[in-house]
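User: I would like a close look at a single part of this model, worked outward from one residue to its surroundings. Please keep the account plain.

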Amino acid sequence: MTGQQTGKKIKYPLRVKMLALVLTAMVPLLGIAVYLIAALVDYRNVYDNIVSNMTVANNYNIDFKEEMDESIYKLVVGYVSFDNIHEDEALEDPYLLIGELRKEFTDLMGITTDRESRVWLQSLLRNIDTLEDRVNDIRVKVEQGGRYDENVKMLDNNIYILTELIQDDIQYYIYYQTRSIERLTTQLNEQVSSFIVFCMIVVAVIGAVVIIITLLLLKSITNPLEKLCSITEQISKGDFSVRAKINTMDEIGVLSDSVDDMTEKLEIMVKQIKEDERKMRHAELRLLQEQINPHFLYNTLDTIIWLIEGNNTERAVGMVVSLSEFFRLVLSKGKEYITIREEELHIRSYLEIQQVRYQDILDYEIAIDPEIYDCRILKLTLQPLVENSLYHGIKYKRAKGKVMIEGGKDGELIHFSVRDNGAGMEEEELEKLREEISRPCKETKKGFGLANVNERIRMNFGMQYGMEIHSVKGEGTCVDIMIPAQRLEHSKREEGDDE
């Protein structure tokens with residue numbers, strides 16, 4: 001039942017209270033986690049940049065001087081020329097080496113933030129420019145020819161010294177980048193220490209707040225629930241005067257109002273149930289009275305007298321036996337359920353009696369699967385259908401007709417059909433009858449017996465079970481019944497008791 005239905009609006013839903021509790025704990029922790037992740041990502045990026053810079057510098061620190069010195073020496077001694085040096089796989093073009101070195105360290109200048117490292121990068125780039133000028137000078141003199149001693153002297157005094165200086169610049173750059181990592185590590189350790197202290201304080205505060213809020217929230221939930229449990233226990237004992245009267249503006253308050261409304265209506269419902277039971281018993285008695293119809297009894301006794309007067313004592317005895325069996329099964333010692341075997345004996349006794357009276361127009365056949373004999377059925381389920389087929393189907397045909405009663409099991413269901421080839425019904429009449437039997441039997445104007453059977457089946461087995469009627473004018477009528485397959489316990493012993 002909603003807040004609108006009980007007259008109370010939910011102002012503080014329990015889910016909002018629980019969400020507030022969760023957010024109280026989660027939001028600060030989430031903020032800490034975000035800060036920690038951001039700090040770690042920043043540290044990782046800085047560390048990766050430094051390591052990347054050192055990797056680039058270290059590559060040139062190892063190879064550049066050796067490659068440059070060897071290539072210039074081979075050019076000076078005439079082993080190769082500047083035009084064909086690229087054809088020697090063991091040598092590198094000095095200009096290509098210088099260009100690559102300038103590009104790499106120019107890029108490093110753009111991303112290096114450490115001041116000392118940048119100083120040595122600037123020195124390195126200046127030395128690269130000077131080295132390129134000296135290589136140009138050597139190239140001019142080599143191409144002019146005849147200046148070997150001068151070129152060797154320039155090689156010793158300029159090229160080797162410059163490559164040595166460049167190598168020193170690279171090593172100093174690597175050294176200061178290493179110091180940057182050390183400073184970064186020191187800063188990180190200091191931040192971690194501060195962060196741990198901060199987290200401990202925050203967690204302690206959050207824990208205290210969450211504990212307080214949790215206790216208050218639990219109290220606001222458990223106290224009303226305990227009161228409701230006490231109230232419902234009293235209601236279960238039959239005390240309908242108690243009221244919860246819980247005024248919290250949440251679902252428990254709505255539940256309290258619902259319990260109070262239920263308590264007010266429960267007594268009325270109990271009275272209504274008792275009244276319905278009384279009416280149902282009245283309907284069953286009415287059906288029973290219809291089966292013990294004085295006209296049926298008088299006609300049967302007249303037929304027995306007629307048979308005796310005609311010296312047909314054997315058939316008279318048979319009718320008396322059938323009549324006795326019919327009334328024994330109608331009464332059934334007040335039992336509501338009987339076996340399908342007993343219900344078959346009941347309709348067989350009824351038809352045997354009626355066949356003597358209507359031997360010129362009535363024929364019948366009963367085909368019920370013995371597998372379902374021990375299953376239970378409501379007393380007087382099939383007999384009203386058979387009687388309906390005789391009086392409203394076969395008799396109106398004004399010619400001999402037949403009633404077929406079939407029954408069998410399909411999975412967990414039992415299906416019965418009572419079919420006749422009598423007068424049948426028009427579609428309009430059939431729809432009216434269907435509408436009548438769908439109503440409570442106390443409200444029916446016609447077809448009371450069928451409506452009573454349909455209502456009792458649904459009340460005892462469920463609304464998914466019941467009766468369907470099909471009919472064609474001039475061809476006959478078929479009534480189908482579906483009930484659950486349920487065995488009647490101790491059916492054989494009860495049958496013996498009846499006998």
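In which strand is Ala367 found? Please describe that strand and what lies around it.

Analyst: Ala367 is found in strand β2. The model is a predicted one, and every value below is computed from it.

Start with the residue. Ala367 has a relative accessible area of 36%, so it counts as partly exposed. Setting aside neighbours within four places in sequence, Ala367 is in contact with Ile405, Glu406 and Gly407. With Gly407, the C-alpha to C-alpha distance is 6.5 Å, while the two residues are 40 apart in sequence.

The strand itself comes next. Strand β2 covers residues 362–368, and its side chains alternate between two faces. Leu362, Tyr364, Ile366 and Ile368 point to one face and are buried. Asp363, Glu365 and Ala367 point to the other face and are not buried. The value of 36% for Ala367 agrees with this, because buried means under 20% relative accessible area.

The contacts of Ala367 lead to the neighbouring strand. Strand β4, residues 401–410, runs parallel to β2, and seven bridges join the two. One bridge partner can be named: Glu365 is paired with Met404 of β4.

Ile405 then ties this region to the interior. Leaving aside neighbours within four places in sequence, Ile405 is in contact with Glu365, Ile366, Ala367 and Ile368, and also with Ile347, Leu351, Leu382, Val386, Ser417 and Val418. The largest nonpolar core has 52 residues, and Ile405 is among the members that touch the most others, together with Ile368, Phe416, Met467 and Ile469. Helix α9, residues 340–357, gives the most to this core, with six residues. Apart from this core lies another, of 32 residues, including Ile72, Leu97, Ile128 and Ile159.

Helix α9 also holds a charged pair. Arg348 forms a salt bridge with Glu344, and their closest N and O atoms are 2.7 Å apart. Both residues lie in α9, four residues apart, which is about one turn of the helix. Arg348 is partly exposed, with a relative accessible area of 28%, whereas Glu344 counts as buried at 8%. Side chains of opposite charge can pair when their charged atoms come close.

A second salt bridge involves the loop between β2 and β3. Arg487 pairs with Asp374, with the closest N and O atoms 3.3 Å apart. This pair links distant parts of the chain: Asp374 is in the loop between β2 and β3, Arg487 is in the loop between β7 (476–484) and α13 (491–498), and the two are 113 residues apart. The partners differ in exposure: Arg487 counts as exposed at 55% relative accessibility, and Asp374 counts as buried at 13%. Elsewhere, salt bridges that share partners join Arg102, Asp129 and Glu132 into one network. A search of the whole structure finds 13 salt bridges.

The loop after β3 has a backbone feature to note. Leu380 lies between β3 (376–378) and α10 (383–397). Its phi is positive, about 60 degrees, although Leu380 is not a glycine. Most residues other than glycine have a negative phi. Leu380 is buried, with a relative accessible area of 4%.

For contrast, consider a part of the surface. Val22, Met26, Leu29 and Val203 make a nonpolar surface patch of about 330 Å². Helix α2, residues 14–76, supplies the largest share of that patch, three residues. Met26 lies in α2 and is partly exposed, with a relative accessible area of 45%.

Some totals give the setting. The protein has 13 helices and seven strands. Buried residues make up 40% of its 499 residues. Among contacts with a separation of 6 or more, 72% are between residues 24 or more positions apart; Ala367 is in contact with Gly407, and these two residues are 40 apart in sequence. The protein exposes about 28500 Å², of which carbon and sulfur atoms supply 55%.

To return to the part requested: Ala367 is partly exposed and points to the face of β2 whose residues are not buried. Ile405, one of its contacts, is among the residues that touch the most other members of the largest nonpolar core.

Key
Residues are numbered from 1 along each chain as its sequence is written. This is a predicted model: local features need pLDDT of at least 70, side-chain atom pairs count only at pLDDT 80 or more; totals for chains, interfaces and linings use all residues. Side-chain values use heavy atoms; hydrogens and water are left out. A nonpolar core is a set of buried Ala, Val, Leu, Ile, Met, Phe, Trp, Tyr and Cys residues joined through side-chain atoms within 4.5 Å. Buried means under 20% relative accessible area, exposed over 50%, partly exposed in between (1.4 Å probe, protein chains only). Contact means heavy atoms within 4.5 Å. Patches are made of residues with over 30% relative accessible area and no salt bridge: like charges are joined within 9 Å, nonpolar side chains (Val, Leu, Ile, Met, Phe, Trp, Tyr) within 5 Å. Accessible areas come from the Shrake-Rupley method with a 1.4 Å probe; for residues, only the protein chains shown count as cover. A salt bridge is a side-chain nitrogen of Lys or Arg within 4 Å of a carboxyl oxygen of Asp or Glu. Two strands pair if DSSP finds at least two bridges between them.
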